[in-house]
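Hi,

Here is the structure I said I would pass on to you. Have a look at it first, and then read on for what turned up when I went through it.

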Amino acid sequence: MQRLLSPPLKALMGSPCLRLLVPRAAPRAQCGCSCGISRPLRPGQYSTVSEVALQAGRGTVSLPSKAAERVVGRWLLVCSGTVAGAVILGGVTRLTESGLSMVDWHLIKEMKPPTNQEEWEAEFQKYQQFPEFKILNHDMTLAEFKFIWYMEYSHRMWGRLVGLVYILPAAYFWRKGWLSRAMKGRVLALCGLVCFQGLLGWYMVKSGLEEKPDSHDIPRVSQYRLAAHLGSALVLYCASLWTSLSLLLPQHKLLSPRFKSLLATYWAVQLPETRQLLWLRRFAHGTAGLVFLTALSGAFVAGLDAGLVYNSFPKMGESWIPEDLFTFSPILRNVFENPTMVQFDHRILHSTSSPGEFPFLEGPRWQQRLC
């Protein structure tokens, strides 16, 4: 391996990107006579204009240190954990059919739950005015209502906690100067996505509270809004986790982009295992996209209660392909609104994405062969 890499690496050592990695000796100033003797610079003396500019701006420019990056990375790691908790809690809320128990939305007012019998009766009377109680839960007792109300209440309060975990530390780190310019843009985008999540959640719940005189079906939220709510939460989780790991595991930043491209090109030509790793990276991106589509498809299944249509696997009833896949018109409408087609698509996506994860078990073996 050493003999294989030595000639190309010697050629690369002369490139400017590698010279930047070599520490330079301390600058020396001329003594002022014609002898050409140089002496080290005294404190406060600079050899270039750029060094003077850096020293002059030392009091006003706050560069993020490695310690600050680690703190920010750990904070974003905690943020991604809270988002994962919100997704899990939202799934439990959906399974217990509690999402429509709170029929209004107030950012501050609803943080205080009912504390006495009178307040609970008033809250229950508000719920009785909406379709879910009239069609599905008309015989519900106050004790049963309290259970589903607390489930939705816990989900909403957890969402507020997620917002505080993002926004308050972000403001503190911004003020302390611990965020680079690029990181400021990412943090702003993440905080904006958190706020968007809260508004989208209420927009989703509102669709299940609307009166539909021509329909006697079980009241449920729009499957489109449910998929958007889940999809944005997954994007928020992945973006927070990715940014966190890029700060906590920054080894790839030690080399300049030009050197990394040269080195990657050379390795791709010389080592077949590296080409396999590049293929594995592309395959990982495709598999991640497929898993994301599977999750969104699951949101459509939940929104339409499509999982109750066929309860056998791998066949759907007595056949592999049901006859009622294309009941609606136009045909594209079946993909999003026909419960049979939605369940069929979800099965296909799940059966495709699950085997796609197996090749990643070979990653450590390729690394051992490279070393």
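**Helix H7 and the overall fold**

Right after H7 comes Gly 177, which has a positive phi near 75°. H7 itself has 35 residues, which at 1.5 Å a residue should span 51 Å; the C-alpha atoms at its ends are 50 Å apart, in agreement with that. Please keep in mind as you read that this is a predicted model.

For orientation, the chain holds 14 helices and two strands. It has 371 residues, of which 33% count as buried. Among contacts with a separation of 6 or more, 72% are between residues 24 or more positions apart. The exposed area of the chain is about 23600 Å², with 65% of it supplied by carbon and sulfur atoms.

**Helix H4**

H4 runs over residues 66-95 and passes the same kind of length check: its 30 residues should span 44 Å at 1.5 Å each, and its end C-alpha atoms are 44 Å apart. Which helices do the buried residues of H4 pack against? They pack against H7 (142-176), H8 (181-208) and H9 (223-248). Among these buried residues are Trp 75, Leu 76, Val 83 and Ala 86, but also Glu 69, Ser 80 and Thr 93. Just beyond the helix, Glu 97 has a positive phi of about 55°.

**The loop between H4 and H5**

Two residues of this loop are worth opening in your viewer.

Ser 101 lies in the loop between H4 and H5 and is buried, with a relative accessible area of 1%. What does its side chain reach? A polar atom of the Ser 101 side chain lies 2.8 Å from the backbone oxygen of Ser 98, and the side chain also reaches the backbone oxygen of Ile 148 at 3.1 Å. Leaving out residues up to four places away in sequence, Ser 101 touches Tyr 127, Glu 132, Phe 145, Ile 148, Trp 149 and Glu 152.

Met 111 is in the loop between H4 and H5 as well, but it counts as partly exposed, at 35% relative accessibility. Apart from neighbours within four places in sequence, Met 111 is in contact with Tyr 153, Met 157 and Arg 160. Its C-alpha atom is 9.9 Å from that of Ser 154, with the two positions 43 residues apart in sequence numbering. Met 111 also helps to make a nonpolar surface patch of about 500 Å², together with Trp 105, Leu 107, Ile 108 and Leu 199.

**Salt bridges**

How many salt bridges does the structure hold? There are eight, and three of them are described here.

- Arg 94 and Asp 305 meet through their side chains, at 3.9 Å from N to O. This pair links distant parts of the chain, with Arg 94 in H4 and Asp 305 in the loop between H11 (272-304) and H12 (332-337), 211 residues apart. Arg 94 is partly exposed, with a relative accessible area of 28%, and Asp 305 is partly exposed too, at 27%. Arg 220 joins in as well: Arg 94, Arg 220 and Asp 305 are linked in a network of salt bridges.
- Lys 126 and Glu 123 form a salt bridge at 3.5 Å, N to O. They are three residues apart in H5 (residues 117-127), and therefore about one helical turn separates them. Is each partner buried or partly exposed? Lys 126 is partly exposed at 29% relative accessibility, whereas Glu 123 is buried at 11%.
- Arg 333 pairs with Glu 337, and their closest N and O atoms are 2.6 Å apart. The two are separated by about one helical turn, because they sit four residues apart in H12. Arg 333 is partly exposed at 36% relative accessibility, as is Glu 337 at 25%.

The last two pairs share a simple background. An α-helix has 3.6 residues a turn, so residues three or four places apart point the same way. Side chains of opposite charge can pair when their charged atoms come close.

Happy browsing, and all the best!

How values were computed: Residues numbered from 1 in each chain as written. Predicted model: local features only at pLDDT ≥ 70, side-chain atom pairs only at ≥ 80, totals over all residues. Heavy atoms only, no water. Expected span 1.5 Å × (residues − 1). Buried < 20%, exposed > 50% of the residue type's maximum accessible area, 1.4 Å probe, protein only. Contact = heavy atoms within 4.5 Å. Salt bridge = Lys/Arg side-chain N within 4 Å of Asp/Glu carboxyl O. Patch = residues over 30% accessible without salt bridge, like charges linked within 9 Å, V, L, I, M, F, W, Y side chains within 5 Å. Areas by Shrake-Rupley, 256 points an atom, 1.4 Å probe, with all protein chains shown as cover. Polar contact = N/O pair within 3.5 Å; in protein donor to acceptor, adjacent residues only side chain to side chain.
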